[in-house]
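I wanted to look up how some of the helices pack here, and what empty space is left inside. My notes are kept in the order I looked.

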Amino acid sequence: MNPWDQFTGANAGYVYELFERYQRDPSSVDEATRRAFATWTPAFPHDQPAERRPGPGSTANRDTVSPDLQAGIAAFTLAGNIRRFGHLAARLDPLGFYDPIGDPSLAAQSLGLTNGVLEQLPASIVSGPVASGAANALEAIERLRAIYCSTTGHDYSHVFVPEERVWLREVVESGRYRPPVDPIDAVKLLDRITEVETFERFLHRTFPGKTRFSIEGLDMMMPIIDEIIHDAAEGGVQHVMIAMAHRGRLNVLAHILQKPYSQILAEFKDPVFSKQLRVDLGWMGDVKYHAGARVEARPDGLPKHVVVSMPPNPSHLEAVDPVLIGMARAAATSVDHRGPAVVDKGKVLAILIHGDSAFPGQGVVAETLNLSRLDGYDVGGTIHIIANNQLGFTTDPEESFSTSYASGLARGFKIPITHVNADDPVACIEAARLAIAYRQRFQLDYLIDLVGYRRYGHNEGDEPAFTQPAVYQIVSGHPTVREQYAQALVEAGQITSAQADDLVKARMAALEQAYAAVKPDQDYIPPVPEVPPSGAATKARTALPLARLEALNAGLLQLPEGFTVHRKLERGRERRRAMFADPAERSIDWAAAEELALASILSDGIAIRFTGEDVERGTFSHRHAVYHDAVSGAEHVPLQALGQAAAAFEIRNSPLSEYACVGFELGYSLQEPGRLVLWEAQYGDFINGAQIILDEYLTSSRAKWGMSPSLVLLLPHGYEGQGPDHSSARLERFLNAAADTNMRVVNCTTAAQYFHVLRRQALLLTTDPLPLIVMTPKSLLRHGFTASAPAELATGKFQQVIDDELSPAQAGKVRRLVLCSGKVAVDLLTSEQRQGNPNVAIARVEQLYPFPEAAINETLARYPKLREICWVQEEPENMGAWEFVRPQLEELAGGRWPLRYIGRARNSSPSEGSSSWHAANQRAIVEQAFEAKAEPRELDRVLSKQV
């Protein structure tokens, strides 16, 4: 039997390597292999005659190797090199300015091969679809080069799962997704490219110098998206979500999201709407190339519609990445049942379009990619497209990334990559088909590196030749992809030059007609959001009957049969069982109040997603939302097993990331506003890592884009001597961004308050959705003062201000009203000095924003002999709430009472690094709050002064 007929590719190479070892030393292979080789004669096409071939173990074989065997192994190695490194020789730059990277191992000569030798070897040694029908190894190798080293670079050798890698190799080499196997309507494709190009040309001519961030040089992005959407819808996807920065965004809005030309052109005219804009709504708007859109479309040839949407994105180019993935996860998740949420990964497709500088440069990209295979964040694969201009604003590739390609980061996440020349329409369509096919089959990410150029500067008013003169000398004379493809079709006889020109004229005429008909005051009406309902939060009914609370508590304590709880947790469970024995006893701690609130929300039919850093147990080991069997390790989630629940509960420990994780949860809340979405930081200061999401989406998205986020942030906050990094959740930053009723900020001091504020948030999701920022406790989690009685959950509601519990007679003795918020209030109320100072009243401001003006006024009215108001805080003067509340308290005081500040002096750092120093300063704050006559002074960095 001829082994070349029996073995191919890697198998053939392995067999001949074994045979070579056998010839040199028969004992180097096992007995069964020796028996097989003893009667086997390798039949190379130009092998030596049998009588001249040395036998096994001969001296000649120890010193020489058959030239034919060497050639076979070399050819096999060459084929493998092309498959693995062929992309390094691909002609990816449409301008030809950058040469392919190249690799010596791709040259036959590097392995001692010539075309003549390859012609003598059978094609089967190359193996795969390219070998089928090939006359010899040379022809098969040439076919491989045409696939791997042309205008497409297939880069997937880093994919370690054999099933994925074998599938990729088979479909790439068989041409399954390119003509003639998978035909392309060439004239229709030309018309689409024409539509894309004429849109940009028309805007450039009509609005010279106006910024639009043209797609020119990457025009094929549009047909790529078309192809992906079509194939996704054909495969059952119901909703395609796209996120991108500003490069080409207007073209995507017009031609993918079907935003009317009339509206886009009206925005370019930029009219002033004096009668429509109302500053009292807080509406500011944003530039046209940040806008989002949504459309229900039916791809060609398909009987069903698919929803296509694109959320707004700021100029922080990749900030939208986790937001979109969170939106996709929400849209794919079913929650209308008890138990865990169910994700249908086939329902939704996310497409992220990145910039070539931003993809390797912005850390949120890596954070988002890291989410892709985590159970709590998986969306069934995202298709990434790098809009690769081969240029940043003015920055060249060698100044932008340390990897070989802009896409290099994706290799570490085992994402297959197709690099493709943006001037080859057929190759681009194949890349799109391959990407969506892989995603649909394996439900994993895929990346298309669309390599093109930028016809103009970063914006249309910029002169790129200042910094890239050589590149832009080429660009100025480079034909567009439409011109090149039209010429190719003319030469192929598929269209005439006149027909190609007619396509341009028709598209241009449509734009001119739309422009002539534009009426800016009618065609562009800003999507001004509705005014939030007045007083909705104060009217929310959050109390629950004791019987219902007790039943929920009993349900939460149930365990699966045979489940073993860790012995150290049993004591806490015993306390939980006895919580309702006396409705007036303060038996409900923070964690119990939280779990009861969440249980009641689930029983109301509102689904919950709760994620964060170590959130399942809680940073301070207080929550234990997920029990682990002490013997088997099996998990039990009481809120998922709760019999009264009418909606799903999902709780996930997040990776140690803030930017992407907070962005993800914010996107989730935007997509499904009827669900309660919470994220908890390990320590409050960790929220610093998500500042871009807070600034661009959480606090301003309503004013810019009319969005309504409702994310809850739980941020441990309080000064306990743990140093600058674990004391402050940077309350001041939220208050600095508070305006136009864009969020709620609370600093609760009791478990009941926390219970009511969570329930209030859930009840307002559909009528008055706003982000909720909660400064949560650390040491106070188990403090007796913060515990609440069951009766406090069964009656009342969230109190914006909690006044001192004084009788009218006692209130008449008060001369100083101390206003404070959070943990420092507990320090004051539990201080030994409290009893000896009846002239001092302490009121807790539990809600800082919206500022509780009416409630504070009511508090002031209780003290007829008041002489001064003090604001006391533990944060430095330039941090915490002081600089936010100061002007508002001054207005309320109205000159009737002086306003005094007591707290740490201004500082660049949130707190002391020494626990002893912290304790001294904390004592000084408390002492000054109770001093009979508070004199201006600064001691141990603690400041007391009259404003």
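The entries below cover three helix pairs and then the cavities.

**Entry 1: before starting.** I noted that this is a predicted model. For each pair I looked up the angle and the distance, since two packed helices are described by the angle between their axes and the distance between the axes.

**Entry 2: helix 9 and helix 19.** I took helix 9, residues 186-206, with helix 19, residues 481-491. Their axes lie 9 Å apart, at an angle of about 155°. Angles over 145 degrees count as roughly antiparallel, so I entered helix 9 and helix 19 as roughly antiparallel to each other. I recorded the crossing of helix 9 past helix 19 as left-handed. Next I listed who touches whom. Helix 9 contributes Ala186, Val187, Leu189, Leu190, Ile193, Thr194 and Glu197. From helix 19 I have Val481, Arg482, Tyr485, Ala486 and Leu489. Sorted by class, the residues of this contact between helix 9 and helix 19 come to 9 nonpolar, 1 polar and 2 charged.

**Entry 3: helix 12 and helix 20.** How are helix 12 and helix 20 set at their contact, and at what angle? Helix 12 spans residues 261-269 and helix 20 spans residues 497-516; I found an angle of about 60° and axes 9 Å apart. That angle makes helix 12 oblique to helix 20. The crossing of the two is right-handed. On helix 12 the contact uses Tyr261, Leu265 and Lys269, and on helix 20 it uses Leu511, Ala514 and Tyr515. I counted 5 nonpolar residues, no polar ones and 1 charged in the contact of helix 12 with helix 20.

**Entry 4: helix 27 and helix 28.** Helix 27 (residues 659-671) packs on helix 28 (residues 691-698) at about 25°, with 8 Å between the axes. I therefore wrote helix 27 and helix 28 down as roughly parallel to each other. Tyr659, Val662, Gly663 and Leu666 of helix 27 meet Ile692, Ile693, Tyr697 and Leu698 of helix 28. The class count for helix 27 with helix 28 is 7 nonpolar, 1 polar and no charged residues.

**Entry 5: cavities.** How many cavities of 30 Å³ or more does the structure hold? I found 10. The largest cavity has a volume of about 90 Å³. It is lined by 15 residues, of which Leu95, Asn389, Gln390, Leu391 and Val471 are the closest to its centre. By class, the lining of the largest cavity has 8 nonpolar, 4 polar and 3 charged residues.

How values were computed. Residues numbered from 1 in each chain as written. Predicted model: local features only at pLDDT ≥ 70, side-chain atom pairs only at ≥ 80, totals over all residues. Heavy atoms only, no water. Axes fitted to C-alpha atoms, helices over the stretch in contact; angles between N-to-C directions. Helix = DSSP H or I, 4+ residues; strand = E, 2+ residues; numbered from the N terminus. Parallel < 35°, antiparallel > 145°, perpendicular 65-115°, else oblique. Left-handed = near helix turned anticlockwise from the far one by under 90°. Contact = heavy atoms within 4.5 Å. Nonpolar A, V, L, I, M, F, W, Y, C, P; charged D, E, K, R; others polar. 1 Å grid on protein atoms, 1.4 Å probe; cavity = no way out; pocket = protein on both sides within 12 Å on 5 of 7 lines; lining within 4 Å. Points joined across faces, edges and corners; volume = space filled by probe spheres on them.
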